[in-house]
Amino acid sequence: MSNPIDMYGWAAQPRHVSVLLNGKKKNQEPEPQTVADTNLPDTPLARSVLEYARKQLPTETFHHSMRVYYYGKAIHTQQFPEWRFTDETYLLTCLLHDIGTADRYISATQMSFEFYGGILALDLLSKELNAPVEQAESVAEAIMRHQDIGETGKITTIGLLIQLATIFDNMGGHKDLVHELTIRDVTKRYPRKKWSSCFAATIRKENELKPWAHTTALGEDDFPNGVLNNKLMEPYD
């Protein structure tokens with residue numbers, strides 16, 4: 001993949017999931033896909049960002065970020081194998097997508113956490129770690145739009161995949177895309193540690209600090225309540 005559109009997951013996808021799936025719940029029956037089955041990039045860039053995320057994020061958020069990587073790769077491999085991007089680019093997006101919720105950042109800005117997180121990611125990748133500009137920008141855009149859920153328009157491939165994977169982990173959405181044994185294996189390796197209550201508290205904190213936050217677009221009560229009532233992940237919390 002020498003084309004940056006393909007390498008870094010820029011190709012446009014419909015934002016409306018029912019359009020994406022042609023009205024179906026899934027493209028095919030999911031199969032178990034374990035952590036051991038899944039490629040985890042081990043490039044210098046990936047290692048640097050992995051270490052950065054470990055240091056900057058609470059354990060609960062770091063585990064969520066890793067689960068999002070493995071769930072997303074299962075969705076990609078089994079449901080949308082035609083999607084093109086490097087695993088490194090998707091991993092960077094997963095590791096940094098919630099960086100704006102870290103304690104040192106959430107109250108350091110008036111910006112919504114996704115947008116500030118995208119700026120942090122862009123600076124880290126392009127200025128400190130010398131990632132290709134097209135890759136750094138793809139990661140930043142996906143972070144900024146990972147809660148930009150809707151029924152019109154388009155989004156990048158990486159942006160849509162992290163939407164699907166975060167909704168799956170946070171609310172049990174699109175539950176037909178991932179096999180139950182995949183959930184068991186991923187949560188065994190990266191335990192949820194009561195993630196539902198943890199993330200719901202983060203949502204409420206963001207909304208209290210910034211009543212204008214983009215998170216409110218998902219419902220000031222509906223979103224945190226939906227996270228708390230995640231029945232799919234309840235046995236693993």
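**Buried contacts and exposed loops in a predicted model**

Setting aside neighbours within four places in sequence, Thr-61 makes contact with Asp-98, Thr-101 and Trp-195. This residue, Thr-61, sits in helix H4, which covers residues 59-79. Its relative accessibility is 5%, so Thr-61 falls in the buried class, for which the cut-off is under 20%. The model is a predicted one, and the picture below is built from its coordinates.

Taken as a whole, the chain holds 12 helices and two strands. Read from the N terminus, the order of elements is α-β-α-α-α-α-α-α-α-β-α-α-α-α. The radius of gyration comes out at 16 Å, which agrees with the value near 18 Å that a compact globule of 237 residues would have. Along the principal axes, the C-alpha atoms fill a box of roughly 40 × 40 × 35 Å. Of the 237 residues, 54% count as buried. Contacts tell a similar kind of story about the chain: among those with a separation of 6 or more, 79% are between residues 24 or more positions apart.

As for the surface, the chain exposes about 10,500 Å², and 50% of that is supplied by carbon and sulfur atoms. On the charge side, there are 25 positive and 31 negative side chains. The centres of these two sets lie 4 Å apart.

Helix H5 is a good place to look at the interior. It spans residues 87-96, and 10 of its 10 residues are buried, so H5 is largely enclosed by the rest of the structure. The buried residues of H5 are Asp-87, Glu-88, Thr-89, Tyr-90, Leu-91, Leu-92, Thr-93, Cys-94, Leu-95 and Leu-96. Their cover includes helix H1 (4-7), helix H3 (44-56) and H4, along with helix H7 (113-128), H8 and H9.

Two of the covering helices, H8 and H9, each bring a residue worth following. From H9 (residues 157-171) comes Ile-158, which counts as buried because its relative accessibility is 0%. Not counting residues up to four places away in sequence, Ile-158 touches Thr-89, Tyr-90 and Thr-93, and also Tyr-8, Gly-9, Phe-85, Ser-138 and Ala-142. The C-alpha atom of Ile-158 is 19 Å from that of Asp-123, a residue 35 positions away along the chain.

From H8 (residues 133-144) comes Ser-138, also buried, with a relative accessible area of 0%. Apart from neighbours within four places in sequence, Ser-138 is in contact with Tyr-8, Gly-9, Trp-10, Thr-89 and Ile-158. The Tyr-8 link has a polar side to it: a polar atom of the Ser-138 side chain lies 2.5 Å from the backbone oxygen of Tyr-8.

The loop between H4 and H5 offers a contrast in Pro-81. With a relative accessibility of 55%, Pro-81 counts as exposed, since the cut-off for that class is over 50%. Between the C-alpha atoms of Pro-81 and Glu-137 there are 23 Å, with 56 residues separating the pair along the chain.

Further along comes the loop between helix H10 (180-189) and helix H11 (195-209), where Lys-193 is found. Lys-193 is not a glycine, yet it has a positive phi of about 55 degrees. Its relative accessibility of 44% makes Lys-193 partly exposed. Lys-194 belongs to the loop between H10 and H11 too. Here again phi is positive, at about 60 degrees, although Lys-194 is not a glycine. At a relative accessible area of 54%, Lys-194 is exposed.

Beyond that loop, helix H11 carries Phe-199, a buried residue with 3% relative accessibility. Leaving out residues up to four places away in sequence, Phe-199 touches Gln-147, Asn-170, Phe-223 and Val-227. The C-alpha atoms of Phe-199 and His-179 are separated by 23 Å, and the two residues are 20 apart along the chain.

Key. Residues numbered from 1 in each chain as written. Predicted model: local features only at pLDDT ≥ 70, side-chain atom pairs only at ≥ 80, totals over all residues. Heavy atoms only, no water. Helix = DSSP H or I, 4+ residues; strand = E, 2+ residues; numbered from the N terminus. Buried < 20%, exposed > 50% of the residue type's maximum accessible area, 1.4 Å probe, protein only. Contact = heavy atoms within 4.5 Å. Rg over C-alpha atoms; globule rule 2.2 N^0.38 Å. Areas by Shrake-Rupley, 256 points an atom, 1.4 Å probe, with all protein chains shown as cover. Lys, Arg positive; Asp, Glu negative; His and termini not counted. Charge placed at Lys NZ, Arg CZ, Asp CG, Glu CD. Polar contact = N/O pair within 3.5 Å; in protein donor to acceptor, adjacent residues only side chain to side chain.
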